[in-house]
Amino acid sequence: MQAGTPLFPVQASTMASRVDNLYFFLIALSAFFTVLIVALVAYFAVKYRRRRVDEIGAPIHGSLALELVWTGIPLILAMVLFVWGASVYFALARPPAETLDIYAVGKQWMWKFQHREGQREINTLHVPANVPVRMIITAEDVLHSLYIPSFRVKMDAIPGRYTQLWFTATRTGEYHVFCAEYCGTNHSGMIGSVYVMEPEQYQAWLGGGGAPQGASLAQTGEQLFTQLACVTCHTGGPTQRGPALNGLLGSTVTLEGGQSVTATPAYVRESILEPMAKVVAGYPPIMPTFQGQVSEEQILALTEYIKSLPAQGGGAHGGAAPAGAPAGTQPAVPDGGTAVPPGSQQPQR
Amino acid sequence: MSPEITPVTTAGAHILARGAVMPARHYLNESGGWKSWLLTTDHKRIGLLYLFSITVFFFLGGLFALAVRLELLTPAGDLMSADMYNRAFTMHGIIMVFFFLIPSIPATLGNFLLPLMLGAKDLAFPRINLLSWYLFIIGGLFAVASLIGGGVDTGWTFYAPYSSMASNSRVLTGAVGVFITGFSSILTGLNFIVTTHRMRAPGMTWMKVPLFVWSHYATSLIFILGTPVVAITILLVAYERVMRVGIFDPSIGGDPVLFQHLFWFYSHPAVYIMVLPGMGVISEVISAFSRKPIFGYSFVAFSSLAIAVIGFLVWGHHMFVAGETPYSALMFSILSYLVAIPSAIKTFNWTATLYKGSISYETPMLYAFGFLGLFLMGGLTGLFVAAIAVDVHVHDTYFVVAHFHYIMVGGTLMAYLGGIHYWWPKITGKLYPEGWAKLSALLVFVGFNLTFFPQFIVGYLGMPRRYHMYPPEFQVWNVLSTAGATILGVGYVFPMVYLAWSWKYGKPAGDNPFNVKGLEWETTSPPPTFNFDRTPVVTDATYSYAPQKEVNVG
């Protein structure tokens, strides 16, 4: 990627230079204090070297003024670093409102990436340049950590939770993706490549060779919704024994017992795996658990499907309609690449 | 260089000790036979029992480090299998952290010196002191048993749910070892605190307590407040592993991030357990070899306590990318910057102590100089990882590995070696060979930097830690690192050999070969079993080298 032996990785995202600038400032600051202390120690050590066997040092016990100086200056510098580091971090931690969402599932010992349009990849990830991309991350077994050094981003993949990171890639090319959290035997084999492409190429890739099955993630979810018989209770029809799921994500759900929760993907996941944990008010606690019957990726597909349902709640819409007909509410990814219906989801951290 | 007319002499211990003889009776020859050692309640003998045991563990841990460095010489996994490699770095970490670094200075030098420095006959609870050594050994035997049974492969951090559900290595045996050893720390801490409160010699007010004791007091606070937490955490991992009760594993209802909170609540303060005693050693050595009181005594003393207290509030900085909310990340970041300030204060005070001193360059002082440089770099790179945005990038990379080795090895181990050399004449009554010692101090310093400095670079480049294989562009830095580790290894073997040699063949040291202050130097070398023939009465301020009217003990 770079000629010779680089001292820092390629800057391939909008955040990379901001992180590096702070890093360079830290290096300059450290170099200053290292030189200062080493020079003082060396100077004193030579100038005040012992010249007679019985020589003793001057009886100096301290100086309050000096103590205040070398407490105060480091404190001020530390606070500068804190504010700088925190402000760059806030930019890293908060994705823009409109992002292209891609799911990442860590599993011993591979990264599985799932595009909403249906493409699935293992240990390779294709993303468009100059488009904010949000990775929604979870793990199937133990902890992993999604790390792309050239983008200066990293986030742990935690089983049972959704975490996220975002980046806007700025340079096309191939970059490393690593697992940074030790995960067992082949931890160091859990690596792959991120391919940053021009947005048009990315569109071509989405529609072309990389997509054998052709079904979008929401369509896969829809099929699962039928296969797993979720459709029996959750369609809002006359046989309804569970709540309808239209416009669920992002909405506030009132639970049995009066509490209310915001419906996040983590809430959907929990409701599939542990239906009794949060029972919606007004419905009997009869849903069986799907623990062991659905994989993390299938849960993501189901969530995408639920997200794709039209927002008007309660109506007998075509939830179980044939594949490919989610009534135009699932926007195709436009050239700009923003695929999130406004106000749709906010994954739990 | 020097235009001075006065003849320049590098007079050291060898000249001062000329004509010294060993005392007729001392703690080493008072009684003999294995029972007199294994059933001893003498803090000095227990200190030596620890010295011997942790040296064995250090050697073991070092062998694993060597295996890791050899494997990383090439990008491919060619020397050992991935499973073997994972066990090698895990056993390196577990042994070095729990069985060497944590007990290193407190259990050896601390045990030996605390009563001597306070003018006491022994620690407050001599039998509990012996018990703590036995607990350490029992814990150590479990660690060795886990090793013989195939080792542990979870990393020294035992992160769940890998440790509790996934790993098929000897997690349980290793965890029990760490659990038991923890009680040895707790008992040592208890003993030190009570001793410091209750057994100071007449006249030794709190503000006259040597800084070595202050730092051990702060360390002991962490021992007794922090260690129970890690003990409980490890017990919970074992419970989940055996009973399948969901505590940390989400597939049975647990929370893996809870483990990290509990683990780092102890293990971050544990870093200060490792480095605070080292700071105590450095305060003593710098004052002694400048023949000058420490600059800003009370600031150095209270900064130890500040580190111990604030150190309990920063654990979340290990979890910036573990799904922590941005607001908790902010709190943990600012607290991490605050805990750096007391260390900065110490560093400036040590530097200022040299000003107008009478500085000599015996081996302990060389280690102190080395400590200053390496601890400085370890501390400054701590500012990098406290900056959340930078930590997101370098977390779990070799940058962090380099950072904590600069603190734990560059700091603690340099201080430990410096302290062992400084008090060796007191411990054994013999002088160590100065030339060999200086050579190994140099080797350790050069080898250390060559080993760990390249890891900062390869870490920022993005090489994750705990990688058995790695992309080839990282190789050059790994080759440098392995080369450095080889030099470092030689630098460690030398002292093991020449110190053992000097115990038998070294020249007698005399009571105070470096001609320095401190109650430990006012008794014979080696000291009698009960340390002082007459209880000393303290009248001078600590580290008072200036010619005052000589007040003799008794």
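In this predicted model, A:Asn130 is partly exposed, with 15 other C-beta atoms within 10 Å. A:Asn130 sits in the loop that links strand 4 (124-128) and strand 5 (132-139) of chain A. Its backbone deserves a second look: although A:Asn130 is not a glycine, its phi is positive, at about 60°. A companion case turns up in chain B, where B:Asn515, likewise a residue other than glycine, has a positive phi near 55°. B:Asn515 belongs to the segment after helix 16 (475-505) of chain B. The surroundings of B:Asn515 hold 21 C-beta neighbours inside 10 Å; the threshold for burial is 20 or more, so B:Asn515 counts as buried.

Two cis peptide bonds may also catch the eye of anyone checking backbone geometry. In chain A, the bond between A:Gln108 and A:Trp109 is cis, with omega at about -5°. A:Trp109 lies in the loop between strand 1 and strand 2 of chain A. In chain B, a cis bond connects B:Ala160 to B:Pro161, and omega there is about 0°. B:Pro161 is part of the loop between helix 5 (126-148) and helix 6 of chain B.

The loop that carries A:Trp109 leads naturally to the strands on either side. Strand 1 and strand 2 of chain A run antiparallel and are joined by six bridges. One pair among these is A:Gly106 with its bridge partner A:Trp111 in strand 2. The connection between strand 1 and strand 2 of chain A is a hairpin through two residues. Strand 2 of chain A also pairs with strand 3 (residues 120-122) of chain A, again in the antiparallel sense, over three bridges. Here A:Gln114 has A:Arg120 of strand 3 as its bridge partner. Strand 2 and strand 3 of chain A form a hairpin too, with four residues between them, and in its turn A:Gly118 has a positive phi of about 120°.

How, then, is chain A laid out in domains? Chain A is divided into domain 1 (8-47 + 95-214) and domain 2 (217-308). The C-alpha centres of domain 1 and domain 2 of chain A are 31 Å apart. Contact between the two involves ten residues of domain 1 of chain A and eight residues of domain 2 of chain A. On the domain 1 side that touches domain 2, strand 1 (100-107) and strand 2 (110-115) of chain A are the elements that give two or more residues. By class, the residues on that side of domain 1 of chain A are three nonpolar, three polar and four charged.

Helix 1 (residues 16-47) of chain A has 32 residues. From first C-alpha to last, helix 1 of chain A reaches 46 Å, close to the 46 Å expected at 1.5 Å a residue. Buried residues in helix 1 of chain A are A:Ala16, A:Val19, A:Leu22, A:Tyr23, A:Leu26 and A:Val41. Their cover draws on both chains: it includes helix 2 (64-93) of chain A, along with helix 11 (326-354), helix 12 (363-386) and helix 13 (388-394) of chain B. Between helix 1 and helix 2 of chain A there is a loop that contains A:Ile60. A:Ile60 is partly exposed, having 17 other C-beta atoms within 10 Å. Leaving aside residues up to four places away in sequence, A:Ile60 touches B:Lys292, B:Phe295, B:Tyr355 and B:Lys356.

Taken as a whole, the contact between the chains brings 83 residues of chain B against 79 residues of chain A. Several helices of chain B each supply at least two residues to the side that touches chain A, among them helix 4 (82-118), helix 9 (256-290), helix 10 (297-310) and helix 15 (434-461). Helix 11 of chain B accounts for the largest share of that side, with 15 residues. The side of chain B that touches chain A comprises 54 nonpolar, 22 polar and seven charged residues.

Chain B itself has 16 helices and zero strands. Its radius of gyration is 23 Å, close to the 24 Å that the globule rule gives for 554 residues, so chain B is as compact as a globular protein of that length. The C-alpha trace of chain B spans about 70 × 55 × 45 Å along its principal axes. Of the 554 residues in chain B, 64% count as buried. Among contacts in chain B between residues at least 6 apart in sequence, 84% join residues at least 24 apart.

Notes
Residues are numbered from 1 along each chain as its sequence is written. Chains are lettered from A and ligands numbered from 1 in the order in which they are written. This is a predicted model: local features need pLDDT of at least 70, side-chain atom pairs count only at pLDDT 80 or more; totals for chains, interfaces and linings use all residues. Domain bounds come from an automatic or database domain assignment. Two residues are in contact if their C-beta atoms, placed from the backbone, lie within 7 Å. Ala, Val, Leu, Ile, Met, Phe, Trp, Tyr, Cys and Pro count as nonpolar, Asp, Glu, Lys and Arg as charged, and the others, Gly among them, as polar. The expected span of a helix is 1.5 Å times one less than its number of residues. A residue is buried if 20 or more other C-beta atoms lie within 10 Å of its own, exposed if 12 or fewer, and partly exposed in between; C-beta atoms are placed from the backbone. The radius of gyration is taken over C-alpha atoms; the globule rule is 2.2 Å times the number of residues to the power 0.38. Two strands pair if DSSP finds at least two bridges between them.
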